[in-house]
Structure formats: C-alpha cells, structure tokens
Amino acid sequence: MSNKEALMRKARVDFSEEVFKKDDDAISVVKALLLISAEDEAFMALNREKDRLAAHIEGRNLSDTHTENFGDGVDGLYIAGRTMPMWLARFDFLAREVQDLLISKGSTFKPEEILKAVGSVLFKIQGFKREVANLDTNSFYLHLVLTLGSGSGILICIIYMEVCRRLGVLVKGAEVGDELLLWPLVDNLQECYKHCTGDRRCYFELLAFHHPAVLFGSNIGPSSHSSFEVPMLNFATNKQVVGMVLSKLKNLHWKDACKVRPGYALTDPLHPLAQVKSTQGDSHELAVGALLRPKSLRLAIMASERLRLLCPHDWVLMRDHGLLLYHNKRYGEAVQELSICAALAPSGDRHMLEHFVEKLHLLHIESSWSSLKPPSAPSTLA
C-alpha cells in the first residue's frame, strides 16, 4: 500500500469515528468536512502520481504544478499547504478577529453584537462570498472555500456557525431545499434581526416574529403562538449537515463523470425502456461505464460510501450507491447492494430493482468468465 492509499484509509477511519460519536453535538462538522477533503485530495494526488508514472514509461515529460507534502497520518497530510490542525486553527483566527472587532467597539459581547460582528468579519473584512451557481465541486470542499473565500451557501453557513460556536453563541440550521436556514438560539431574536436592511428585512422580521418553538418545535422557551401544533421546520443535526454536503459532492462528481452524455441520470438504467434495450443486446446501453470519466466516477463513489455510513438504512442511498458500482463495473458489489435495496424499497420500486438485479447478476457472471478467456474472445452477452 502506498503512502497516499494509507492516508486515504486513515482519513476514512477518522471520518467514521467522528460521525459515529454517541452525542450528535460532539460531532465536529468542520473536522468531518476536512477529513473528506483529506481523503479526496490524497486520491487525486495518487491519480496524478499514476499519470506521471505512465508518462515516464511512455517517454513523455508530464508537467505538474501541484506541490504535495504528505505526512505519516491525517494530521500530517498537507491540504493546500496546511495540516489538519492548521486548518482548524483557521477558525480560531476568525474568532479572534471577531473578538478584536468587538473590543475595539467597546462591546459587551451580547449575542446580537457577536452575530453582527461575525458577519462583518466574514463578509466585509475577510471577503467571503456565496457562489451564485453551485455547479463546481470546489464550492463544497471546506479547505478550498477557506482558501478562495467563496463557496456554496451551505459551506458559508457552516463557517458562520463554527465561528459563532467558538464565541459561545449556538446557531442551528434547518434544511430548506439544498440550503441551510440559520437560526441563533437566543431569546431576543427581534433584536438580532432589527438591523437587517434591504429586500431581506421583511423576510427576517417575519422569521423573528415567530418563536423557534413554533418554527422548529424546540423547547427553547414559551411561545404565544400555541395554535401551531406541528413544527414547520426541523433543526438539522450535525450528521445531517455533513450528509447534505456529501450529497452535493456525489451529484456534482457524477455530473462531471458523465459529461460525454449530458443529462444522463444515475437511475436511467432502471428505466423499463433501458432494460428492454439491454435485453436486446444494445451494446451502446451496456457500455455506459466506458463513457464515464474514471476519476470523477470514483470520487462520486467515495462520497456515496460516506453517505452510506451516515444513513445505512436509507434505501434510496443504497440504490444510488449500487448504480454507481454498476457504472464502475463492480458488478458483484452492485448485485449485493441492490439486492438489499430491493428488500427495503416500496413495492413499486421493488419489482423494477429485482428485474435489474437479475440482469446485473448475468453481467457479474460474464465478467468472471471474461477473466478466464483470451482478450480477443468476443463477449457472449453482446
């Protein structure tokens, strides 16, 4: 096992230990996201190393501008020139910047003052900004967002929440689509939002009018709106926040993998028409994996594997992971994953999955035969 492969395994083990802590509040979202970056960076460095070796064998000189420095463990792994403790210290630096700003203004460190100061430091002094279109995987890697100062809305929210946490103000987020609605857990919410200006002022004042016990169903304090019996939103747990980032990474890496076939969905092989074509021996449909970018496909699988750790009983995640394995021609693993998925899926999807698993099992058998016959032999299934 190479050094980079060992680091990938160490990062995955540390990620598992971090997200499987008994108390969800003890899970560090930023550390989990940095461990994702560590594993993916090591994988991409390993691919660059293989490219250099292949170019050397072919007698070509492959230029590489990446400077890589890998230690003996994850803490010694340099991600964009910094180790894991150095990246975590970045949040301490941001928190000290906020403290210095508050002290310079003679603040009494009230929650509403801290929240306003965090916004000033992040968005005015440090220049963080949200990307308008979240179509780039770089917008969902925490180390790149901290380096470039721009990223997806959810990553900016996570940075904001972490800096507030280090200053003693707890901010929770609720999942709204693919984004987080941040909510400070303080008593005087109207005071927190009264300084908002622009088009969002009415929106914030409307949110501040309702007590969190109404919107989120939490036991933060009494609410005068007792007519609401069912909460409108739920606070996302730390594990769910990590899962939101992983889900975006999986989808974006998949889009990168199938750029040759724009619009090709991960679940397209399950469509009845696609299965009919495969039965008729349409080699174009059977060879989808050959049209995908291997590196991006592998990164999508890695994100899916971590999602499966977070939600081991989610049949939709099982289905997506099994299909990613199918596209990667890991038919044996795909059969196992999709067979379990079919047992947990609703009746409407179960029949479709079982039919696909039968054909996938034949592909698995053929792939085992192909390893025994000479390369010039034709495919029996084709």
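Helices here are DSSP runs of H or I with at least four residues, strands are runs of E with at least two, and both are numbered from the N terminus. By that count, the protein contains 16 helices and 4 strands. The model is a predicted one.

**Whole chain.** Begin with the entire molecule displayed. Of its 382 residues, 46% count as buried. Among contacts between residues at least 6 apart in sequence, 60% join residues at least 24 apart.

**Helix 1.** Next, select residues 3–19, which make up helix 1. With 17 residues at 1.5 Å a residue, helix 1 should span 24 Å; its end C-alpha atoms are 24 Å apart, so the expected and modelled values agree. Show the side chains of this helix and colour them by burial. The buried residues of helix 1 include the charged-type names Lys4, Arg12, Asp14 and Glu18. Leu7, Met8, Ala11, Phe15, Ser16 and Val19 of helix 1 are buried as well.

**Arg82 and Trp87.** Move on to this pair of side chains. The charged end of Arg82 sits over the ring of Trp87, at 4.9 Å from the ring centre.

**Residues 140–161.** Select this segment next. The unreviewed UniProt entry places a "transmembrane region" at residues 140–161. In the model, the chain over residues 140–161 is 73% helix and 9% strand. The C-alpha atoms at the two ends of the segment are 16 Å apart.

**The hairpin of strands 3 and 4.** Select residues 171–176 for strand 3 and residues 179–184 for strand 4. The two strands pair in the antiparallel sense over 6 bridges. They form a hairpin with 2 residues between them. Gly177 lies in the turn and has a positive phi of about 65°. To follow the register, locate Gly173, whose bridge partner in strand 4 is Leu182. Ala174 stands opposite Leu181, also in strand 4. In a regular strand, side chains alternate between the two faces of the sheet. Is strand 4 mostly covered or mostly open? Strand 4 is mostly covered, with 5 of its 6 residues buried.

**The aromatic cluster.** The structure holds 3 aromatic pairs. Select Tyr326 and Tyr331, which form a tilted pair with 6.2 Å from centre to centre and 45° between the planes. Then add Phe356: Tyr326 and Phe356 form an edge-to-face pair, 5.3 Å centre to centre with 85° between the planes. This second pair links distant parts of the chain, as Tyr326 belongs to helix 14 (residues 315–327) and Phe356 to helix 16 (residues 347–370), 30 residues apart. Tyr326, Tyr331 and Phe356 form one aromatic cluster.

Why does each member of the cluster count as buried? The cut-off is under 20% relative accessible area. Tyr326 has a relative accessible area of 8% and is therefore buried. Tyr331, at 11%, is buried too. Phe356 is likewise buried, because its relative accessible area is 7%.

Conventions: Residues numbered from 1 in each chain as written. Predicted model: local features only at pLDDT ≥ 70, side-chain atom pairs only at ≥ 80, totals over all residues. Heavy atoms only, no water. UniProt positions renumbered as here; feature names shortened; annotations may be inferred. Buried < 20%, exposed > 50% of the residue type's maximum accessible area, 1.4 Å probe, protein only. Pairing = 2+ DSSP bridges. Phe/Tyr/Trp six-rings, centres within 6.5 Å; stacked < 30°, edge-to-face > 60°. Lys NZ or Arg CZ within 6 Å of the ring centre and 35° of its normal. Expected span 1.5 Å × (residues − 1). Contact = heavy atoms within 4.5 Å.
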